[in-house]
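Here's a quick tour of a protein model, starting with its empty spaces and moving on to its surface and its charged pairs. Have the structure open as you read.

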Amino acid sequence: MSDVSTVPLGPDAAGVPGEGICAPTSTETVRYGGFWIRVAACLIDVIILLPVTFVVSFLAQIAPSSIGQFAAFIVSLAITVAYNVLLVARPAQATWGKQVLGLRIVRADCKPIGPGLALGRYVARMVSFLCLCIGGLMVGVTREKRGLHDMMCGTRVVYRLSLIHISEP
């Protein structure tokens with residue numbers, strides 16, 4: 001199973017006449033980020049968020065109560081959601097893990113996703129992982145390396161350098 005998939009771009013690249021992926025008139029290819037590179041990016045993101053989550057959990061242990069534990073959970077969740085949504089919605093279009101590995105998240109037309117779609121993608125990712133992680137495993141078997149959450153939101157994870165030639169000025 002290859003970690004990188006390239007798909008020729010053309011007017012019928014999406015399987016629907018006139019709705020090509022990223023650049024309807026381009027004859028170039030887009031390299032999609034595969035399963036293992038996305039796992040590596042996720043691990044980098046976990047390593048970045050782990051110290052923050054650890055500190056929040058430690059502070060919750062100072063006054064151990066069910067309210068303190070619940071508050072720690074809510075704060076940790078808010079930090080994780082903010083990390084994912086705000087970083088993906090910024091011009092780099094990626095969390096720091098994806099950015100380090102040269103990936104970015106884009107819509108089908110390769111335009112950036114906004115905060116609303118970034119939040120929807122994060123929620124869809126949580127939903128897709130509730131089913132024994134099958135939604136995430138789909139990345140390894142689909143042509144465009146899309147997980148269930150990508151399909152639900154119309155997004156793709158692509159290598160940054162594969163889109164430089166079609167970026168808007």
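## The largest pocket

In this predicted model, 22 residues line the largest pocket, and R38, C42, K98, R125 and F129 are the ones that sit nearest its centre. Four elements each give two or more residues to that lining: α1 (35-62), α2 (66-88), α4 (115-130) and α5 (134-137). Helix α1 has the largest share, with nine residues.

How much space is in there? The largest pocket holds about 470 Å³. As for what its walls are made of, the lining has twelve nonpolar residues, along with five polar and five charged ones.

## A closed-off space

Rolling a probe the size of a water molecule over the atoms shows where empty space is left. Here, the count comes to one cavity of 30 Å³ or more, and the volume of the largest cavity is about 90 Å³. Its lining is made up of N84, V88, T95, K98, I105, I113, A118, R121, Y122 and R125. Two elements, α2 and α4, give two or more residues each, and α4 gives the most, with four.

Sorted by class, the cavity lining has five nonpolar, two polar and three charged residues. You may spot some familiar names: K98 and R125 line this cavity, and both are also among the residues nearest the centre of the largest pocket.

## A nonpolar patch outside

Now for the surface. F54, V55, F58, L59 and I62 make up a nonpolar patch there, and together they have about 560 Å² of accessible area. Take I62, which is part of helix α1: is this residue buried or exposed? I62 has a relative accessible area of 61%, over the 50% cut-off, so it counts as exposed.

## Charged partners

The structure has five salt bridges. In one of them, D109 pairs with R107, with the closest N and O atoms 3.0 Å apart. Both partners are partly exposed: D109 has a relative accessible area of 32%, and R107 has 29%.

E144 takes part in two of these pairings. With R146, the closest N and O atoms are 3.7 Å apart; with R156, the N to O distance is 3.2 Å. R156 is in strand β4 (residues 155-159) while E144 is in the loop between α5 and α6 (148-153), so this pair ties together parts twelve residues apart in sequence. R156 and E144 are both buried, and R146 counts as buried too, at 13% relative accessibility. Elsewhere, R38, R121 and D150 are joined into one network by salt bridges that share partners.

Key:
Residues are numbered from 1 along each chain as its sequence is written. This is a predicted model: local features need pLDDT of at least 70, side-chain atom pairs count only at pLDDT 80 or more; totals for chains, interfaces and linings use all residues. Side-chain values use heavy atoms; hydrogens and water are left out. On a 1 Å grid over the protein atoms alone, a cavity is a set of points where a 1.4 Å probe fits but cannot get out, and a pocket is an open set with protein on both sides within 12 Å along at least five of seven lines; lining residues have an atom within 4 Å of a point. Grid points are joined across faces, edges and corners, and a volume is the space filled by probe spheres set on the points. Ala, Val, Leu, Ile, Met, Phe, Trp, Tyr, Cys and Pro count as nonpolar, Asp, Glu, Lys and Arg as charged, and the others, Gly among them, as polar. Patches are made of residues with over 30% relative accessible area and no salt bridge: like charges are joined within 9 Å, nonpolar side chains (Val, Leu, Ile, Met, Phe, Trp, Tyr) within 5 Å. Accessible areas come from the Shrake-Rupley method with a 1.4 Å probe; for residues, only the protein chains shown count as cover. A salt bridge is a side-chain nitrogen of Lys or Arg within 4 Å of a carboxyl oxygen of Asp or Glu. Buried means under 20% relative accessible area, exposed over 50%, partly exposed in between (1.4 Å probe, protein chains only).
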